[in-house]
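This report describes selected buried side chains, salt bridges and one pocket of a protein chain. The sequence and the structure are shown first.

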Amino acid sequence: MAVFTALHLDDIGQWITQFPLGKPLALKGIASGIENSNFFLSTERGEYVLTIFENLSFEQLPFYLQLMRHLAERGVLVPAPIPNAEGELVSALQGKPAAIVSKLDGSSQMDPQPVHCAAVGAMLAKMHLAAQDFPLQQPNLRGLDWWNATTPLVLPHLDDANAHLLRAEIHFQDAFAACATYKALPRGPVHADLFRNNVMFDGEQLTGFFDFYFAGCDTWLFDVAVTVNDWCIDLATGKLDVARVRALLDAYQAVRPFTHQEHTAWQPLLRAAALRFWLSRLYDYHQPRAAEMLTPHDPAHFERILRERIATPAPELF
Ligand SMILES: Nc1ncnc2c1ncn2[C@@H]1O[C@H](COP(=O)(O)OP(=O)(O)O)[C@@H](O)[C@H]1O
Ligand SMILES: N[C@@H](CCOP(=O)(O)O)C(=O)O
């Protein structure tokens with residue numbers, strides 16, 4: 001999150017009367033994050049998070065908010081969206097779509113141990129299974145099509161070595177996505193951005209996943225790869241820590257066993273997950289948006305991870 005649209009308590013006095021939340025007491029911009037404008041909101045009824053969506057449209061948002069509601073109803077620990085008096089989860093604020101969700105307890109675990117990775121793996125598998133009967137469809141908007149569209153926009157900013165790496169990896173991923181193994185992978189709604197900063201813990205107890213605004217329908221294995229590439233690495237080098245990888249994968253497959261096609265696709269999808277965030281970070285870095293609070297993420301981190309996944313095979317799924 002970041003703050004692209006400035007907002008003060010006075011600005012929401014009228015708007016908030018459509019929600020059953022009582023009087024607003026405090027509103028505080030959240031500096032972390034990069035995508036939307038987010039605020040901690042205190043009201044007479046409790047603590048919430050108010051999000052103004054900067055890129056997603058009114059048409060796209062029901063997928064994310066209904067998905068959160070669907071998951072919350074099935075025991076997956078995610079924020080509950082608050083409906084307004086009309087039963088709507090999204091309504092216009094400052095001319096943009098906005099929503100209020102419950103605030104999760106706990107804090108981010110930025111130095112995860114195997115026990116935390118196991119909790120994340122188990123909850124991710126539960127999420128995949130719980131979303132199987134979710135009726136709405138929306139593709140992962142940061143999937144293969146977006147990688148192909150974004151590559152020519154960032155290539156002019158890269159040195160020769162990185163331009164070569166990017167071209168070669170896009171070529172590899174296009175070819176892999178066309179093969180029978182890839183097409184046979186189980187799919188459904190995925191979180192697609194389950195980094196350390198998007199999960200809450202109270203000690204070793206996982207208290208929730210949030211930030212579903214990159215979610216979409218994609219392969220479940222891509223979601224596992226995104227998660228492993230953040231939770232199970234040494235941040236300085238991008239190298240995988242085998243104990244954390246094993247803990248996450250074993251806890252995941254205790255809930256939802258991996259298929260043989262997933263076993264074959266594992267190494268390519270770890271590369272795909274690294275490529276996805278290298279590209280988005282390059283794009284955000286070279287085409288920055290105006291914001292009151294924004295700290296762009298370092299693209300070189302995912303360049304290192306991609307090079308490392310190409311050079312060194314990761315532990316197998318099973
Ligand atoms: N439902 C929530 N409960 C508690 N804290 C939240 C919640 N949603 C967001 N936050 C806080 O806001 C910060 C940024 O949120 P994030 O969703 O990552 O932003 P973005 O939409 O830009 O990706 C998080 O690190 C967390 O501290
Ligand atoms: N997790 C991604 C992009 C989104 O970041 P967030 O802080 O808004 O969740 C990255 O690290 O590049």
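## A buried histidine

His-191 has a relative accessible area of 0% and is therefore buried. The model is a predicted one, and the values given throughout are computed from it. His-191 belongs to the loop that runs between strands S6 and S7. Two backbone atoms lie close to polar atoms of the His-191 side chain: the backbone oxygen of Phe-210 at 2.8 Å, and the backbone nitrogen of Asp-193 at 3.0 Å. Leaving aside residues up to four places away in sequence, His-191 touches Met-127, Asn-198, Phe-210, Asp-211, Phe-212, Phe-214, Ala-215 and Asp-223. Phe-210 thus appears both as a polar partner through its backbone oxygen and in the list of residues touched by His-191.

## Salt bridges

The structure holds 11 salt bridges. Three of them are set out below, each with the distance between nitrogen and oxygen.

| Salt bridge | N to O distance |
|---|---|
| Glu-169 and Arg-271 | 2.8 Å |
| Glu-303 and Arg-307 | 3.0 Å |
| Arg-196 and Asp-230 | 3.8 Å |

What does the salt bridge between Glu-169 and Arg-271 tie together? Glu-169 is part of helix H4 and Arg-271 is part of helix H8, so the pair links parts of the chain that are 102 residues apart in sequence. Glu-169 counts as buried because its relative accessibility is 2%. Arg-271 also counts as buried, at 16% relative accessibility, where the cut-off for this class is under 20%.

The pair Arg-196 and Asp-230 meets through its side chains at 3.8 Å, N to O. Arg-196 lies in the loop between strand S6 (187–190) and strand S7 (199–202), whereas Asp-230 lies in helix H6 (residues 220–231), so this salt bridge ties together parts that are 34 residues apart in sequence. Arg-196 is buried, with a relative accessible area of 4%, and Asp-230 counts as buried at 7%. The loop between S6 and S7 is also where His-191 is found.

The third pair lies within one helix. Glu-303 and Arg-307 are four residues apart in helix H9 (residues 299–311), so about one helical turn separates them. Glu-303 counts as buried at 17% relative accessibility, while Arg-307 is partly exposed, with a relative accessible area of 35%. Elsewhere, Glu-73, Arg-74 and Asp-133 are joined into one network by salt bridges that share partners.

## Arg-276 in helix H8

Helix H8 also contains Arg-276. Is this residue buried or exposed? Arg-276 counts as buried because its relative accessibility is 2%. The side chain of Arg-276 makes a polar contact of 2.7 Å with the side chain of Ser-280. Beyond residues up to four places away in sequence, Arg-276 touches Arg-142, Trp-146, Trp-147, Ala-192, Phe-214 and Phe-222. With Trp-146, the separation is 130 residues in sequence and 9.0 Å in space, C-alpha to C-alpha. Phe-214 is among the residues touched by Arg-276, and Phe-214 is also among those touched by His-191.

## Gln-138 in the loop between H2 and H3

Gln-138 is located in the loop that joins helix H2 (114–130) to helix H3 (144–154). Its relative accessibility is 12%, so Gln-138 counts as buried. The side chain of Gln-138 reaches the backbone oxygen of Gln-60 at 3.3 Å. Residues touched by Gln-138, not counting those up to four places away in sequence, are Glu-59, Gln-60, Phe-63, Tyr-64, Gly-216 and Cys-217.

## The second largest pocket

How much space lies in the second largest pocket? The volume is about 310 Å³. The lining consists of 19 residues, of which Gly-143, Leu-144, Asp-145, Tyr-182 and Asp-218 are the closest to the centre of the pocket. By type, the lining divides into 12 nonpolar, four polar and three charged residues.

Which elements each supply at least two residues of this lining? They are H3, helix H4 (160–177), strand S9 (216–219) and helix H8 (260–286). The greatest contribution comes from H3, with four residues. Helix H4, which holds Glu-169, and helix H8, which holds Arg-271, are also the helices tied together by the salt bridge between these two residues.

Conventions. Residues numbered from 1 in each chain as written. Chains lettered and ligands numbered in written order. Predicted model: local features only at pLDDT ≥ 70, side-chain atom pairs only at ≥ 80, totals over all residues. Heavy atoms only, no water. Buried < 20%, exposed > 50% of the residue type's maximum accessible area, 1.4 Å probe, protein only. Polar contact = N/O pair within 3.5 Å; in protein donor to acceptor, adjacent residues only side chain to side chain. Contact = heavy atoms within 4.5 Å. 1 Å grid on protein atoms, 1.4 Å probe; cavity = no way out; pocket = protein on both sides within 12 Å on 5 of 7 lines; lining within 4 Å. Points joined across faces, edges and corners; volume = space filled by probe spheres on them. Nonpolar A, V, L, I, M, F, W, Y, C, P; charged D, E, K, R; others polar. Salt bridge = Lys/Arg side-chain N within 4 Å of Asp/Glu carboxyl O.
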